[in-house]
Structure formats: structure tokens, C-alpha cells
Amino acid sequence: MTNLDEARVDDQSLPEDATLLIVDDDEPFRTRLGRALEKRGFQPILAAGVTDAEAMIKDIPPAFAVVDLRLEDGDGLQVVERIREKRDDCRVVMLTGYGNIATAVAAVKAGAIDYLSKPADADDVEKALLARPGQRPAPPENPMSADRVRWEHIQRVYELCDHNVSETARRLGMHRRTLQRILAKRAPK
């Protein structure tokens, strides 16, 4: 039996209503997370942004939600507030690639039960969604290496700068050639 199985035995099984709204403008991430959580028993509904999410919340207020903080068409905090208006007992986890104390506080005030930095894996998201009130989830079994976290951050900034190497290097405070060498390598494990 794995640690995850043991956690489920300790009163962390899914309720009958396992609808899960995933709101993220990164389509590959949204799709992967949806598939992974579907395998764990959730019933995912995928939304690309605030507009899509608000339409889905009107039709089916979810029991669970995973919402990215920064979306192309708005702020994930708006989605959390809309969810809370329709379904007060929804367990919302906020995801962001820009973790800081101010945004974590804003997410919790808006109604999120937890706040995870990207890239978060499905195990971390599931633990956060199913954690009992006041319970802190266990640390991840296989956390990403510092090199991988750095690489993911660089990739995210690079994408946000529309693959402009010079602009990305300027924003990261590094030399353009150094950034080009990093981008040419494979992702660290």
C-alpha cells in the first residue's frame, strides 16, 4: 500500500459529488492535470479562463476547483469569488507560477483552502483538495530538484515574453547567451 492509499484510508476518500473545475490558460497542463485527477476519481471540467469558468460555474457549481491565479482574460481570484457565490462548500486550491505572500493571502481571503506554486503535480493537488480543515498535507515524496524548479521558472518567463530571448534575459537579470544555453538544454530531472 502506498502513502497515498494510506492517506485515503484516513478519511480522505472522495465524496459522492467529485466534480472538479480546473481553470488554467496553459492547455497542456490543464489537460494533463484533468486526466490525472480523473484517474483518481474526480470528475474534471476544464476551463481556459475566467469567461469559460464563470459560464461553467453557472451550470454546474463544482465541489472542488483548481484555479490558476493569472489567466489570459483576468484574475483567478474572480473565479474563486464566483465559485463561493454559487457554492460555499467548494474546496478551492489556487495555483500560481508567481508565488509570494501577498497573493497567497489574497487567495485565502477569496476562499481558497490552499495555495500551491507551479508546477504542482497531481499528487500535491489531490492532497490539498482532500486535506481536512487545519491539516497540513505531507511533504511531497519526490519533490522537484532546485535545478528543475529553476528551469520551469525560466521556461514560464520565456513563454510569457512570447519566446523573445532578449526580453526574457532582461527580466530574469541574466546574459542573453547564458539564457540561450539554458534553453538549448533538456529539462533537468
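Where does alanine 146 lie in this chain? Alanine 146 lies in helix H7, which spans residues 146–160, and I will come back to that helix after going through the sheet. Before that, a word on what we are looking at: this is a predicted model, in which local features need pLDDT of at least 70 and side-chain atom pairs count only at pLDDT 80 or more, whereas totals for chains, interfaces and linings use all residues. Residues are numbered from 1 along each chain as its sequence is written, and side-chain values use heavy atoms, with hydrogens and water left out.

Let me begin with the overall inventory. The chain has 9 helices and 7 strands, where helices (H or I, at least four residues) and strands (E, at least two) are DSSP runs numbered from the N terminus. Of the 189 residues in the chain, 38% are buried; buried here means under 20% relative accessible area, exposed means over 50%, and partly exposed is what falls in between, with a 1.4 Å probe and protein chains only. Among the contacts in the chain with a separation of 6 or more, 60% are accounted for by residues 24 or more positions apart, a contact being heavy atoms within 4.5 Å.

Now to the sheet. It is an open sheet of 5 strands in the order E2-E1-E3-E6-E7, with parallel pairing, and two strands are taken to pair if DSSP finds at least two bridges between them. The edges are formed by strand E2 (43–47) and strand E7 (114–117), each of which pairs on one side only. On average, neighbouring strands of this sheet are turned by 20° against each other, direction ignored; for such angles, axes are lines fitted to C-alpha atoms, for helices over the stretch in contact, and the values run from 0 to 180 degrees between N-to-C directions.

If we walk across the sheet from the E2 edge, E1 and E2 run parallel and are joined by 5 bridges, and leucine 21 has isoleucine 45 in E2 as its bridge partner. How many residues of E1 are buried? The count is 5 of the 5 residues, so E1 is largely enclosed by the rest of the structure. In a regular strand the side chains alternate between the two faces of the sheet. In E1 both faces are covered, with Thr19, Leu21 and Val23 buried on one side and Leu20 and Ile22 buried on the other.

Further along, strand E3 (residues 64–68) and strand E6 (residues 91–96) pair in the parallel sense over 5 bridges; phenylalanine 64 is bridged to arginine 91 in E6, and aspartate 68 to leucine 95 in E6. Strand E6 is also largely enclosed by the rest of the structure, because 5 of its 6 residues are buried. At the other edge, E6 and E7 pair in the parallel sense over 4 bridges, with serine 117 in E7 as the bridge partner of threonine 96.

Two helices lie across these strands. Helix H3 (residues 50–59) lies across strand E1 (19–23) and E2, running at about 140° to E2, while helix H4 (residues 76–86) lies across E1, E3 and E6, running at about 175° to E6.

That brings me back to helix H7. Alanine 146 counts as exposed, at 63% relative accessibility, and its C-alpha atom is separated by 9.3 Å from that of proline 188, 42 residues apart along the chain. Arginine 148, also placed in helix H7, is partly exposed, with a relative accessible area of 23%. Leaving aside its neighbours within four places in sequence, arginine 148 is in contact with Ala187, Pro188 and Lys189, and the C-alpha atoms of arginine 148 and alanine 187, 39 residues apart along the chain, are separated by 6.7 Å.

Next, a helix pair. The axes of helix H8 (residues 165–172) and helix H9 (residues 176–184) come within 9 Å and cross at roughly 105°. That makes H8 roughly perpendicular to H9, a label covering angles of 65 to 115 degrees, with under 35 counted as roughly parallel, over 145 as roughly antiparallel and the rest as oblique. From H8, Val165, Ser166, Thr168, Ala169 and Leu172 meet Arg176, Leu179, Gln180 and Leu183 in H9.

Finally, the cysteines. Cysteine 90 is buried at a relative accessible area of 1%, and cysteine 161 is buried at 12%. With a disulfide defined as a pair of cysteine sulfur atoms within 2.5 Å, the count comes to 0 disulfides.
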